[in-house]
Amino acid sequence: MSHDLLKRLGIDTDPRLHPKAGQPSVVTENPATGEPIATVALDDAAAYERQAAACVAAFASWRSVPAPVRGQLVRSIGDAFRVHKAELGELVSLEVGKIRAEGEGEIQEIIDIADFAVGLSRQLPGQVFPSERARHRIIEQWLPLGPVGVISAFNFPAAVWAWNAMLAAVCGDTVLWKPSLLAPLTAIACNRIAAKVAADMGHPGIFGLVIGADAEVGERMVADRRLPLISATGSCRMGKRVGRVVAERLGRCLLELGGNNAVIVTPDADLKLAIPAIVFGAVGTAGQRCTTTRRLIVHESLADDVCRRLAEAYKQVQGRIGDPLAAGTLVGPLINARAVEQFEHAIAQAKAQGGAVLAGGRRAPRPGHFVEPTIVRAPAGNRLPIAAEETFAPILYVLTYRTFGEALAIQNGVEQGLSSAIFSNNLLETEAFLAADGSGSDCGIANVNAGTSGAEIGGAFGGEKETGGGRESGSDSWKAYMRRQTTVVNYSGKLELAQGIRFE
Ligand code: UN1
């Protein structure tokens, strides 16, 4: 079945899937069964050098293609992803275990960001400022930046590359992509589509791919002075390393790292909205999104009721754990055995700290890397230190509060600052959550009556504190992929100095 899928996507004959004898390689596995899908050859330093040189060479000509024409190329890429949406979604499911709807959702996110980038290709707007000197004009313009290094994680093996690559392409940059070694097939398939469209339109080399170990390829990429921007998604630990190395060469970083996202439920909340949003946020993608809901901060007056309703909903979900490609499945596997161990470790810690397991709590009794979506209620006083840690698994910690200020302090009291949400119909509280003086949520994403995950591509995506500060996808995130140039044009026929300086 999987071979047929690789064939339909045209990657079965890719040389990477046929390593030469003695060549280092990884075996990519189906996390739902633990069975191997394919063996993928790893790039070494020499292969990295070839790919990086190709991206540098392609940048020299791609930058000169007018932006709206670059947009036409990205439009064709979006169209190609429309054609292959079902197969690519299936490959995402096969390789990282997302349920079919979420696998296809990822490809939809590629199509969406391509559309966004096409529109952007006719904008990329600079500003005009009034000059203090007569008959002078100050104009800011945005110029292509250079080849961009993109490091992506297993959990969004396709969409996050596209957020970067589609914007970079319309900005006149080329892209060198280093995907997670847990999802190389998705990367090979997606990159092949983009690279083929580009080559067919006369622009080979815009989309490069390197698949390799961190020590061999990752470190080289991050330290590579030819890449003015490194955009990296993954753990806080990885991001700190990338940040240090890129800072050393005074390069630019765009970091999208961990999250420990919370939902606040106030006494005025409409629980008909809140409960399903919490369940999707905590259980969707088996808790392996950066935006997954990991903490529920509920007013003490309704804590028992909310816990009861959630436990009820989880009961239904537990019956829908299984093959991610089967109809009706809601919860697929974790990515690998290590992730299951981390889940078990967190549950053991939570219990040792006095947490009460209200739902789930165990690995699911079936082959593959499945666990039960789990709810842990903190003991009185919210003393549950494990809740401050991000475990990439479907564990929801329930904490309670008395005053709204307390709820905010709990929400903001973790190292990460990616996504946050409040469910409330109390205007004073929802506005305080978004307060213009910054005293509300300290996260990059703050939603009212909508959950923490499932952001649309139109807004800027990213977060504060240890989440890394980067912004990707919508709004003005494109600016990260360009360099700003402030220009002054003097059409007065006289030389006049700024600040009224006379130099005669
Ligand atoms: C991630 O987990 O790295 O908002 C990205 C969301 C998705 C993207 C998540 N659109 O949940």
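## A tour from the domain interface to the ligand

Across the interface of domain 1 and domain 2, 11 residue pairs make polar contacts, with both partners at pLDDT 80 or more; a polar contact is a pair of N or O atoms within 3.5 Å, where within protein one must be able to donate a hydrogen and the other to accept it, and residues adjacent in sequence count only if both atoms are side-chain atoms. You are looking at a predicted model, in which local features need pLDDT of at least 70, side-chain atom pairs count only at pLDDT 80 or more, and totals for chains, interfaces and linings use all residues. Residues are numbered from 1 along each chain as its sequence is written, and side-chain values use heavy atoms, with hydrogens and water left out.

**Colour the two domains.** Select 2-20 + 36-257 + 469-486 for domain 1 and 261-461 for domain 2; these bounds come from an automatic or database domain assignment. Their C-alpha centres lie 30 Å apart. The contact (heavy atoms within 4.5 Å) takes 28 residues from domain 1 and 25 from domain 2.

**Show the interface.** About 2,100 Å² is buried between the domains, and carbon and sulfur atoms give 64% of it. Buried area here is the accessible area (1.4 Å probe) that two parts lose on being put together, summed over both. On the domain 1 side, pick I99, E102 and F154: these lose the most area to domain 2, together 23% of what that side buries.

**Stay on E102.** Which residue does E102 form a salt bridge with? Its partner is R289, with the closest N and O atoms 3.1 Å apart. The rule, a side-chain nitrogen of Lys or Arg within 4 Å of a carboxyl oxygen of Asp or Glu, finds one salt bridge across this interface.

**Move to the ligand.** R289 also belongs to the ligand's surroundings, along with others including N155, F156, W163 and F461; a residue counts as near if one of its heavy atoms lies within 4 Å. Each domain supplies at least three residues to this shell.

Now look at individual atoms:

- E109: a polar side-chain atom lies 3.1 Å from a ligand nitrogen.
- E256: a side-chain N or O atom is 3.4 Å from a ligand oxygen.
- C290: a backbone N or O atom lies 2.7 Å from a ligand oxygen.

Finally, show the ligand's surface: taken alone the ligand exposes 320 Å², and the protein buries 99% of that, with accessible areas from the Shrake-Rupley method with a 1.4 Å probe.
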